Amino acid sequence: MSLVKAKKHLGQHFLTDKNIAAKIVNGLIHTDKYKQVLEVGPGMGILSDILLERTDLETFLIDIDVESYHFLKEKYPQLGNRLINGDFLALNLSDIFPAKYAIIGNFPYNISSQILFKVLENRANVVEMVGMFQKEVAERCASKAGTKDYGILSVLIQAYYDIEYLFTVKPGTFNPPPKVNSGVIRLSRNNVETLPCDEKLFWRTVKAGFNQRRKTLRNALSGVVSKDKMDNHIFFDKRAEQLTVADFIALTQHLSHLSQ
């Protein structure tokens with residue numbers, strides 16, 4: 001089997017440290033709630049080797065890289081149609097996983113945000129996600145209100161998931177090595193099935209607030225609710241980064257009331 005060549009346009013950096021691979025796989029801790037796991041971008045299978053040793057999990061792999069797909073098909077003939085050559089971002093996950101499942105991967109840095117939004121879109125069935133991202137993205141996801149890293153992803157993820165920053169990975173453990181450190185995070189689905197507010201308005205409010213994060217929400221949200229309808233609510237004089245998830249829910253409820 002010839003080794004797979006890492007492709008820059010796909011953001012591939014193959015992890016070479018088996019101990020770190022084991023730590024990532026061991027990050028899956030809620031396996032009493034699901035039996036299937038999807039690994040995104042397995043490359044040459046350093047995580048897959050460990051996942052496929054797990055008798056408590058049915059492992060699926062998806063890779064957009066045709067070379068990786070053929071390498072893995074030869075390496076893991078037992079997978080059959082559980083090895084998918086395709087684009088994770090374009091995949092209809094509910095067709096493959098009608099029940100609860102987990103997602104894991106050493107994710108390409110260039111599509112980090114899209115991957116996380118894909119997880120959020122499928123939050124009804126994605127119980128857990130363990131993933132390696134660029135360190136600053138991982139930190140941003142886990143950051144709290146009032147910090148400079150706190151943003152759209154922080155709020156949206158933390159509305160539906162408990163998040164933990166697990167550990168940092170140095171560039172030297174990859175081939176080729178990236179120019180930055182990586183960070184591994186775990187998302188664990190919380191008990192919130194639906195938010196106690198208009199969820200579409202919640203998402204719109206969060207995005208609008210942070211898209212102009214230096215402005216007060218009175219100005220940043222003028223495209224959501226016209227200023228002449230805004231009252232003297234304390235949130236309108238704050239900036240988005242000052243609001244917790246609960247604050248954004250309360251603000252969304254208030255905006256719904258103002259729009260009536």
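Colleague: Where in the chain does P178 lie?

Modeller: P178 lies in the loop between strand 8 (174-175) and strand 9; helices and strands are DSSP runs numbered from the N terminus (helices H or I with at least four residues, strands E with at least two). This is a predicted model, in which local features need pLDDT of at least 70 and side-chain atom pairs count only at pLDDT 80 or more, while totals for chains, interfaces and linings use all residues. Residues are numbered from 1 along each chain as its sequence is written, and side-chain values use heavy atoms, with hydrogens and water left out.

Colleague: Why is P178 called buried?

Modeller: Its relative accessibility is 8%, and buried means under 20% relative accessible area (exposed is over 50%, partly exposed in between, with a 1.4 Å probe and protein chains only), so P178 counts as buried. P178 touches H13, Y109 and P171, leaving aside residues up to four places away in sequence, where contact means heavy atoms within 4.5 Å. P178 and F14 are 164 residues apart in sequence, yet their C-alpha atoms are 9.7 Å apart in space.

Colleague: What makes the pair of F97 and Y101 stacked?

Modeller: Rings of Phe, Tyr and Trp (for Trp the six-membered ring) pair if their centres lie within 6.5 Å, and planes under 30 degrees apart count as stacked, over 60 as edge-to-face and the rest as tilted. A search of the whole structure finds six such pairs. For F97 and Y101 the centres are 4.3 Å apart and the planes are at 20°, so both values meet the criteria for a stacked pair. F97 and Y101 are both buried, and ring pairs link F60, F97 and Y101 into a cluster.

Colleague: And why is the pair of F107 and F133 called tilted?

Modeller: The centres of F107 and F133 are 5.0 Å apart, and the planes meet at 35°, so the pair is tilted. The two residues are 26 residues apart, with F107 in the loop between strand 5 (101-106) and helix 5 (112-121) and F133 in strand 6 (residues 126-134), so that the pair links distant parts of the chain. F107 and F133 are both buried.

Colleague: How do you know that the charged end of R189 sits over the ring of Y161?

Modeller: The criterion is that NZ of Lys or CZ of Arg is within 6 Å of the ring centre and within 35 degrees of the ring normal. The charged end of R189 sits over the ring of Y161 at 5.7 Å from its centre, and K23 lies over the face of F167 at 4.0 Å from the ring centre.

Colleague: What puts the buried residues of helix 1 on the same side of that helix?

Modeller: In helix 1 (residues 18-25), I20, A21, I24 and V25 are buried. They cover an arc of only 140° around the axis (the arc is that of the directions from the helix axis to the C-beta atoms), which puts them on the same side of helix 1. Among the elements that cover these residues are helix 2, strand 5 and strand 9.

Colleague: How do you know that D17 caps the N-terminal end of helix 1?

Modeller: A side-chain oxygen of D17 lies 2.8 Å from the backbone nitrogen of N19, and a polar contact is a pair of N or O atoms within 3.5 Å (within protein, one must be able to donate a hydrogen and the other to accept it, and residues adjacent in sequence count only if both atoms are side-chain atoms). At the start of helix 3, a side-chain oxygen of D65 likewise reaches to within 3.2 Å of the backbone nitrogen of E67.

Colleague: Why are the buried residues of helix 3 said to line one face?

Modeller: In helix 3 (residues 66-75), the buried residues are S68, Y69, F71 and L72. Seen down the axis, they fall within an arc of 165°, so they line one face of the helix. These residues pack against strand 3 (58-63) and strand 4 (83-85).

Colleague: What makes strand 9 mostly covered, and how many bridges join it to strand 6?

Modeller: Eight of the eight residues of strand 9 (residues 182-189) are buried. S182, V184, R186 and S188 point one way, and G183, I185, L187 and R189 the other way. Two strands pair if DSSP finds at least two bridges between them, and seven join strand 6 to strand 9, which run antiparallel. Eight bridges join strand 7 (residues 161-169) to strand 9, again antiparallel.
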